[in-house]
Structure formats: C-alpha cells, structure tokens
Amino acid sequence: MNYRPSSVYNRYRYVSTMFRQTTGLLKQLRYLSFVGQKPWRFNSSSAKERALLYKAGEKIHGFTVNQVTDVPDLFLTAVKLTHDNTGARYLHVARDDTNNLFSVQFRTTPMDSTGVPHILEHTVLCGSEKYPCRDPFFKMLNRSLSTFMNAFTASDYTMYPFSTQNGKDFQNLLSVYLDAVFFPCLRELDFWQEGWRLEHENPTDPNAPLVFKGVVFNEMKGSFTDNERLYAQHLQNKLYPDHTYSVVSGGEPLDIPELSWEQMKQFHATHYHPSNARFFTYGNLPLEQHLKQIQEEALSRFQRTEPQTSVPPQTLWSNPREHHVTCGPDSLAPDPSKQNTVCVSYLLGDITDTFEAFTLNLLSSLMVTGPNSPFYKALIEAKIGTDFSSTVGFDGSIKEASFSVGLQGIAEQDIETVKEIIFKTVNEIIANGFEEERIEALLHKIEIQMKHQSTSFGLSLACYIATCWNHDGDPVEVLKISDKVTRFRQCLQDNPHFLQEKVKLYFKDNPHRLTLSMSPDESYFEKQAKAEEEKLKQKVSALSEEDKKLIYEKGLQLMAAQSTTQDASCLPALKVSDIQPTIPFTPVEMGNAGDVPVQYCAQPTNGMVYFRAMCSLNTLPEDLKIYVPLFCDVITKLGCGVMDYRQLSQQIELKTGGMSVSPQIIPDATDLDVYEQGVLLTSSSLERNVPDMMRLWSEIINTACFDDEERLRVLVMMSAQELANGIPDSGHTYAMIRAARNLTPAGNLQEIFDGMDQVNIMKRIAEMSNLTPILRKFPRIKKHLFNPENMRCAVNATPQMMSEASLEVEKLMNLIARKKKERKHVRPNIIEKPLDPLVGSSFSPGSGPSRKLISDPTFKPCQMKTYFQLPFPVNYVSECIRAVPFADQDYASLQILARLMTAKFLHGEIREKGGAYGGGAKMGQGGLFAFYSYRDPNSIATLTAFRKGVEWAKAGKFTQQDIDEAKLSVFSAVDAPIAPSNKGISQFLNGIPDEMKQKHREQLFAVTHRSLVEVADKYLGTGQRTCGLAILGPPNESINKNPSWVVR
C-alpha cells in the first residue's frame, strides 16, 4: 500500500510497508493521479460538476450533507456527510473515473497482542447473515469483475475496500461487504480456521501429537522472520508505550493462542458499529444510490453509540530512552559479521494538524532522501552499514507522527559511532539549512506526482486520508495539496530559517527520543521454537481427557466442513454475458528517429511525457550477463560527464519524474523456445522539461562515469541488503523462478536476473574487497547495450506534444555514438519479428523495423528439484510445468483452469486445511503453468496437494457455474484499467498487439468443460509434463535424505 502503517496486515498477504526511504506524502502522491476522460476538460454533466450541486444541510437517505468542496488540482469534488441516526461519517469523492471504489474503515484499538483485530478481519469475511456460505469473500473474487478486493488491518484501524468498473458489480460487492462487516456469522469453526486452534498433526489420528494451527497464526510466524518488519514493530511498540501502539495489532504468534472466540465476538460488538465507522466512495457513480443502499441494507438497523476507541496522546518523556532487541541471523547478509541495526526515533506531533504533517514530511525527505541529503552523506557514505534502517524518515501512519533515522548492516562496535553521527548531523542541519535547489526539486516532484495518472486513484486516496480521518482529522484538508505548497513557500519566504527551526524543535530539543539497537542471536529461531513448544505444553497440560476428545471431534468437524462443497447460490454474481465482447483498440503510430524505430501513442497524459527505450542484449558476451542487473541499478546513480552522482541526482529530481534502467526477458507469444533479452530505459517529465530529460539520457548513455569504486561499494551494499531482506515477502516468487529454470531457454537467464542466483551473485560481489574488476566490466556492457542499431523507443504524450517529443527523441538518437565496428550477435539463432503488427506475413528479415529474438532449437527441457534451506519457520513451495505460449489456443483454457483450480480446490487444500497463508495456480505469459504456496507450514504435503489438484481437474469435478466464475475472475484481470502512460506498451515490449489480445479474448469466452479436462490431461498429467520443483524453507529431513533433490 502507499501509506505507511508500521504494520498492515491483509486478507491475501501481510503488506510490508517499512520503506527504506522516507515515503510518506511523496509516495502517496505518486498514486494520487487520475484516469478516465480528458482530465483538463469536463462537460456540465460530469460527476464532479453534479456533486457541486449538493448543498450543506441537504438530507439524502438518512444522511445530512455537511460540506461540499471543489478540489480543482485533483479534478474532484469532495462531499462530506454524517448519518443522522448513528453519527457514521461519510466522504464521497466525485470524479470522472470509471474505476469506482468503496471502503469502510473502523477504528480498532487492541490493548493486547492476541491479534484480535487481524483475526476478526479474516473471520468477518467467512460468512454473514444474508450470505451464510463459507468464505463469501474468496467466492466473490470469482463472481465479480472487481479491479481490487481486499481488507487491511493497520495498527489502529481496519479497512475493507473494493473497486470495480461495473455499476451492477459495485452494488453486488457493496451488499456483500456491508453484510460481512455489520452482520457476520463469526462461527467458531471459522475462528479456528482463520485464527488459531489446537489440533492433532493428523486430524484423523487421535494419537497424533497436538499442534498449533491457524491461518493468522502461521501468517504471523512467517511475518516475524523478516528482521526489517520485526525491528519496525519493536520500534513502534517502544516509542509509544502507553496505549494501543505498545501491542502487535496483527498478533504476536505466542500471544495469539490466548485469544478466545468470545473475546473476538466482543471486540466486533464494540468496534464494528456505524458510530465507529467511516465510509468512503469514489468515482463517477451517483452518490444517492450508494447512500440508499448503505442505509437500507445496514445503517437502518442501528442506533448511535459512543464508541470508546479514541487513542489518547502519548505521554511525552522528559528524558530520551534506549532499548535493545534480538533477531535471527541472516544467512544471506552481505557481511555476516555486520548484522546489527541501530536507529534513533523522535515522536513528532498529531497528524490531524495537516499542514504541520505536510511540512515535517517534506523536511524528512530533505533530510534522508537521495545522495544529496545530509543523512545519506553522513551515514550511508560513511560505509559503516549497508543501508538505512528499515524504518526511516517520516511516519504519519498513526495518531502521532514520528521520524526515524539509522543504519542496518553494521558491526556491534559501530553502534555508538552511528548515534554520534546522527546527533552531529542534526546540529549541522540547524547550522546550514538546505540548498534552495533541493527544496525546488522536492516541490517539482510533488507537481509531477499530482499530474501523473494512475489506475488506482480511488484506492490510493482512501489510504492517503485514512490515518488523519481515523483520528477525527479533516480528510478534505489532506487533499488540498496545492494550498499547502503555497503556504509552505510563504513560510520559507517569511522566515528563511523556517525549516532549521523545525529541526531544532523536533530533533535537537525533543526529549521524546528512542534509540533502538538490534543484534542477531545465533539461537534466536531455536529459542522461538522452544517458546512455542513451551506454550503448547502449557496449553496441552491444562486439558482434561474430555477436552482432548472434544479437540479431536472438532478437528474432524472442521475437516468435514472444509471438505464439503459449499452452496454459494445466495451470493450475487455477474454473468459471463456482462463481460464486454471486445476490447477498445489503442491507436499507435510507427515512426523513426534516424534509423531507430519509435512507437508514438497519443493519450490524455495531463501534461506529462513518458519515454521508453528498449536496448537489445544480443551482442553481449555471456560472461557479462550476470552483471546486467547491477549495471541497470547503478547506471543512473554514478554520475556522468561533468556531473558527479550528487549533481546528476539533483538534475534528475529537478527535471524528470525519475529515470530508471531495468533488465528485460520477454517470452515470445508464439514459441516457448524463443525470447527477447534487453534492458529498458524508462523516464517521464513535464512537457516543458522534455529537452532536459533527453539531454540527461544522452549524457548518461555517452559519458557515464565508471571510476568511483567507493560510490559503487555503497550502491552494491544497499542492493545486496535489499535483496536479502526481500526474501520473506517474496519467497513464492523466488520458488517459481527457480522451478522454471530448466523448462525454457529463457528460464536460466530469468534465474540469473531475478532469482536466488541474483541474491547470491550480489552477496558475492558485496563480499569483494576490491570492486575495480566489476567497474571495468561496465564500459563493455554499455558499449553493447547503448547502440542505436540495437534500440527501439516508445513515447506516450498528448497529441499536441507529439511533434516536439519526436524531435527530441531524434536529437537523442543522433547524439548516441554509433559503434564503428559491427558487433556480431553472440548467439547465431536470431529471429526477426516486425514491430508493426499490420505488416504481418509480408515481413522479411531486414525489410523494416523489427524485434530481434533469440531462438534455441537445441534446447531440451529437463526436470530439476531444488531445496533452499533457510532459517524460516515456514515454506514457499512451487511446481512449474512447461505448457504453451500465449498465442496457442490452449493457453486460454490453461488460464481459466489455473483460476478454477485455485478457487475450487487448491485454496481449500493449501490454505483452509493446510494452514498456509496463500496458495494456488497461475498460467504465466512465458507459457509455464505454475503452482505455488506462500508462508506454508507444509512442504511435501503441499506438493501432494498440487498433484491432487491435477487429478481433480482431469476428473472434471467442476460445474458450468464454476467455469463461468473462473472466466469472470480471469476477465477482471484481463480488463484491469490501463493508465495513459502504459497504453500501447504490451505491443511495444511484448509484441502483443490489440488484434492478438482480441483473439485471446475470444478464446477465453470459448473455453468449455471439455477443453479444460483435455488441457489438464494433455499438459499437467503425470508422464505428459516436464516440470521443475523448488522449495524455500526450514531444514527438512525427508528432503535431505532424498537424492533427487538438490539442497542449497
């Protein structure tokens, strides 16, 4: 999410929001942008204009309008209302955006770490009064065309949002969500499944040992294997020790078994009441319909209460405090002897003072973001640690904001040094202030982020206002960003020391300061396991024989409930006939900049220009391939020409919305053994800055500096640390990439660029004492990549801007030095495909602009089973099967089958019965059918569940209704809205034009029961498949003894 709660948990997956750079306002703003009709011109019947007609005091369906506010910068009208009977608060944001959103949030303030709000969030979605079937939430994923459905538990609120582009779907989902939160069944069986339970390891064997089970219990065990998250949780608990922020809202694994079913029901009764609720709707659908439905289906049954959920201010300390905590060792740390973290955190002020919060957020960015910031220079470039601490910068996610700064990846003896540097840097900022150009670059970033158009504006808005509104602040004030920028400029003009005075007040003279250090304990995981064992013993020893008998019976009862086919006919559903039969085609024009082909896509980009350039890797020697991801990461961060890296960073911030380079492996749409390899240059700018953006690319491409080993070391350490830290959150992705490694020619390169190989490569580079040999490889890589003969470009801009943009692209291409010696492709098997899909069969190699793909006719797929032994208490499991490319007619059937198997079989086996946080199947665009599980207490049992799923599919144990639901689910992803900046990009990058998408769409509609059974048998059946397996998880004795597994 794009807001920063210290802990946000959600229905699908715990969302990590401990950002490594200060995020706050700037990251939120990045998504506060718009999509829909031309944003600079509205007709009188627009949603925004209609909403302006409401008047304060007007009564509508049990609500009273309090305030109507025009927010022209964001092209919206905000209407604030209150429900007359219950006092429920309501904000409607009217905008000409078809991706309508609803959200209801409750202030949930637990006073213990049993995870009651988190377990309740899971359990309310397991059936309700009007929709009593088990798990209507997951079932609605397959009965709607939603563009988003989820639920989040933050530190002090719980939010239930959904979005959809279909009006009927909106009403269906609203009905299900309202009934779920206000009238849930809260069955004991659902509490056991989602929260925690004591159950026999094998539920059918009363003599098997009793163990803890439960989805949230396993989720939180997995969650606390992430040291960054663990640290951030401790930091919040200790900086705010007096009230709800001193506990873990998601649940501390060993405290979760103290929660009873009765306590959870009581928490619902006191917290999930309209008097404690805030409703939010967004988009172009009429407000009256929403209010009528909410009143009739929910609020008419309630009277006002006085919820006792407010959070008192934290009592301020008179003296700073220090704490120390321990964590598990990281086997992938860049330097195993440097695994300590230390950070200094300051309590700031109440986030309902929106201008002060805005100012402190900007101040935080000036202090810690980018190589020109004082703390980056003082801490990162001192090379004492690998990166900033996991919590860094401004955090406005709870009632009182905080600012944190520190380092991770440091030696124990450097902890005191880091603290000294922090206090010294604060004094230097007070003395020296900030350069005016840096402040301008930051304000330019806000301007860009307000203009950039995203497809999830409503969701970002809901999250952006959530914290302030949760604590009775004014959500409309939060949206008045331009007013705050104007006031900020005025404050600086009136008082040149405005920011330095804030630093003195909040940092130098603030005694409410926490210094938290964390160090690894070699026996940490062992102690955790022992503590769980002790807790289990304690629970089991308190059981009578009657209790044990009851546990066995309840286990069988739960298993029977999980195995029973549910009647979901009570739930509303769209029909396949509600899906649009055709897609709107996006017109693109092909042109040239010199000899370089350019795709132009005219779009309502709101004064922004988006540029991309794809550069082929075909001539790059194989020995340089492993360094391509690092090259991409650092090329825009090393300086170029006369600019050092600090000056380049400043220019990028002043003139663009960001410049990045990323490796690309693009599978061919028609052949599994063909792929394109390259790197993609991506940037954006305001229209007035396009010449500057192109000049910067020219300088980076032509004159990048590869002589600063100290700068490279800083970037390498940060990158290696980031990769190591990311494994607990993305373990299933790493497992899928590894499982796919030997199934297609592109698989090995994918593993090198994005898999566990890349994690280990970066670890090895970080351990090198001399990085000069790495630096020497970069000019060679650059020479092969940035050659106009190997490039193609794409521009998305307004029609009026196209001719100027094309001139600038042409200038750029003319400035890129052409290589005198023609470079041979390293691999001889090159296939040329036309860039213009209309050329079709008349195309011949060399006859026009083309994509040059790699073909490997000698490739033979083979099976490989890899086990990565990691210090986690949970597993990430995957099996990948070689199937068919995107254009094959069976691809659509496999795509529907993956969704069908996930919803109707694998979800029940892996999550409900197995206790994993998530699991399922997906058909990837690379032609591989992948099974996966996430934060899974099982490994071999999950592989068995994958196989059972195939047998289930081959036996055709599904109905036409099941197929239709799977189609709806697939189409909700296929038809997800595309931002103007991304229109036409699938053709540019993947060679998939709208005509091919339309054909695929028709194939999806045509999928039948018979075709699903046939593809299951043809591609997934034993003996029919070439597959790969991979598991990331704790030591596993049975796998270690099995010679067919490679253990890493």
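These are my notebook entries on a predicted model, covering an annotated domain, the nonpolar cores, one lysine and one helix pair.

I number residues from 1 along each chain as its sequence is written. The model being predicted, local features need pLDDT of at least 70 and side-chain atom pairs count only at pLDDT 80 or more, while totals for chains, interfaces and linings use all residues, and side-chain values use heavy atoms, with hydrogens and water left out.

**Cores.** I looked up the largest nonpolar core (buried Ala, Val, Leu, Ile, Met, Phe, Trp, Tyr and Cys residues joined through side-chain atoms within 4.5 Å) and found 146 residues, with Phe-280, Met-367, Phe-375, Phe-507, Phe-611, Phe-778 and Val-795 touching the most other members. Helix α15 (residues 457-470; helices are DSSP runs of H or I, at least four residues) gives the most to this core, ten residues. Another core, of 88 residues, lies apart from it and includes Val-79 and Leu-558.

**Lys-502.** I placed Lys-502 in helix α18 (residues 498-508), and at 14% relative accessibility Lys-502 counts as buried (under 20% relative accessible area, 1.4 Å probe, protein chains only). Leaving out residues up to four places away in sequence, I find that Lys-502 touches Glu-356, Thr-359, Leu-363 and Phe-507, where contact means heavy atoms within 4.5 Å.

**Helix pair.** I then checked helix α14 (residues 436-451) against helix α17 (residues 481-494), which pack at an angle of about 170° with their axes 11 Å apart (axes are lines fitted to C-alpha atoms over the stretch in contact, and angles run from 0 to 180 degrees between N-to-C directions). That angle makes α14 roughly antiparallel to α17, the term for angles over 145 degrees.

Terms used: Buried < 20%, exposed > 50% of the residue type's maximum accessible area, 1.4 Å probe, protein only. Helix = DSSP H or I, 4+ residues; strand = E, 2+ residues; numbered from the N terminus. Parallel < 35°, antiparallel > 145°, perpendicular 65-115°, else oblique.
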